[in-house]
Amino acid sequence: MKDKLQTVNLSTVSEFVLVGLSDAPEVRFLLFVLFLITYLATMAGNITILVAIITDTHLHNPMYFFLGNLSLLDILCPTITVLKMLEALLLENKVISFTGCMLQLFFFIDVVGTEIFLLAVMAYDRYVAICHPLQYMNIMSMKLCAHLAIGTWVVGFFNSLLHTSLIFTLFFCDSNEVDQYYCDIPPMLAISCSPTYSRELVILTVAGLLGSSAFVVTLISYIYILLAILCMNSSESRYKAFSTCGSHLTVVCIFYGTTICTYVRPSSTYSPNQDRIVSMLYGILTPLLNPIIYSLRNKEVKSALKRVISTLRYTFSCTKVAYGAGASY
């Protein structure tokens, strides 16, 4: 009878409460405004780059194909977490259902995992472009690019499926308060009343293997790139090569550093305050910075954005003239 009652108690959690943000009204309003502006700027920047890549034929090459995938991921990443956070800040609704929490964690880990692998693919693309420029278009064919892009999404999906199934087959009985502004692996492990050692071991092993393999590909690619750049005779060529890869390297350093700090470690080292700051770096700041870094440091993207804006202005003016003529008639 006791075991039966214990089983019932273990399965009573049907919702979670996200307690990772301040309850003070003045702080809450300030955070709402700050995160809303950040989210809107992130959406505007990434959507603009995505539209430029799709519509401008000058950007129809492997590098920008992968950049388009990155922009899509940077649209999805904050949308998964920030919208719920804005609701909690504005309406004080911090409750999220068990299913909602599970889906949020699944899609977030899916997007983050996919981006880790995509950054490795982008590093390889830059290696081929700089170290084998004459063979670049033959090696990085659209077929190979499509396979690489699809591969990153598929690996990210199954990686997330494994992590989510490991977390949401745990029991949650002592507390349903998640000390984070969204559902994530470390805080979910922290509030579980089930033994977590074996699951943590699987999570650390899988995250370590996949993360380290992506990091090794990136590291080796950039070692070869650096050697190739140092062997260039022209200082102008060296500057152009550094400029091309500088933006990608900046994103890689921020993203890999923060995600490794979050996921490749035991739950005993979990620190809610530190984790909130670190998660904001890769979940909110990186998606905001990506369009800024790529557009401000890349002449082709800036030129494409100018062409898109000019086209939109021309279309708008033509529509306005046509509407005015129709009204006069």
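Start by selecting R28: in this predicted model, R28 is buried, with a relative accessible area of 10%. Now add E92 to the selection. The two side chains form a salt bridge, and the closest N and O atoms are 3.1 Å apart. Unlike R28, which falls under the 20% cut-off for buried, E92 counts as exposed at 52% relative accessibility. Colour the surroundings by element and you'll find R28 in helix α2 (residues 25-55) and E92 in the loop between α3 (62-91) and β2 (95-97), so this pair ties together parts that are 64 residues apart in sequence.

While you're around there, stay with helix α3 and pick K84 and E87. Both sit in that helix, three residues apart, which is about one turn of the helix. Show their side chains and you'll see them meet in a salt bridge, 3.4 Å from N to O. K84 counts as buried at 13% relative accessibility, while E87 is partly exposed at 27%.

Next stop: D179 and R276. Here again the side chains meet in a salt bridge, with 2.8 Å from N to O. This pair links distant parts of the chain, 97 residues apart: D179 is in the loop between β3 (177-178) and α7 (185-191), and R276 is in helix α10 (residues 272-296). How open are the two partners? D179 is partly exposed, with a relative accessible area of 26%, and R276 is buried, with 15%. The structure holds five salt bridges, and the pairs you've just visited are among them.

Time to zoom out. Show the whole protein chain as a cartoon and you'll have 11 helices and three strands on screen. Trace the elements from the N terminus and they run α-β-α-α-β-α-α-α-β-α-α-α-α-α. If you colour by accessibility, 45% of the chain's 329 residues count as buried.

Now try selecting by annotation. The unreviewed UniProt entry carries the annotation "transmembrane region" for residues 29-52, 64-83, 103-124, 144-172, 201-229, 241-265 and 277-296. Pick out 64-83 from that list: in the model this span is 100% helix and 0% strand, and its end C-alpha atoms are 28 Å apart. Then pick 103-124, which is also 100% helix and 0% strand, with 32 Å between its end C-alpha atoms.

From there, go to F98, which has its place in helix α4 (residues 98-131). F98 is partly exposed, with a relative accessible area of 23%. Add F168 and draw a line between the two C-alpha atoms. They are 8.9 Å apart in space, although 70 residues separate F98 and F168 in sequence.

For the last stop, switch on the surface and select K240, K299, K302 and K306. What do these residues make there? They gather in a patch of positive charge. Which helix gives the largest share of the positive patch? That's helix α11 (residues 299-328), with three residues. Click on K299 to finish: K299 is found in helix α11, and at 70% relative accessibility it counts as exposed.

Definitions and conventions. Residues numbered from 1 in each chain as written. Predicted model: local features only at pLDDT ≥ 70, side-chain atom pairs only at ≥ 80, totals over all residues. Heavy atoms only, no water. Patch = residues over 30% accessible without salt bridge, like charges linked within 9 Å, V, L, I, M, F, W, Y side chains within 5 Å. Areas by Shrake-Rupley, 256 points an atom, 1.4 Å probe, with all protein chains shown as cover. Salt bridge = Lys/Arg side-chain N within 4 Å of Asp/Glu carboxyl O. Lys, Arg positive; Asp, Glu negative; His and termini not counted. Charge placed at Lys NZ, Arg CZ, Asp CG, Glu CD. Helix = DSSP H or I, 4+ residues; strand = E, 2+ residues; numbered from the N terminus. Buried < 20%, exposed > 50% of the residue type's maximum accessible area, 1.4 Å probe, protein only. UniProt positions renumbered as here; feature names shortened; annotations may be inferred.
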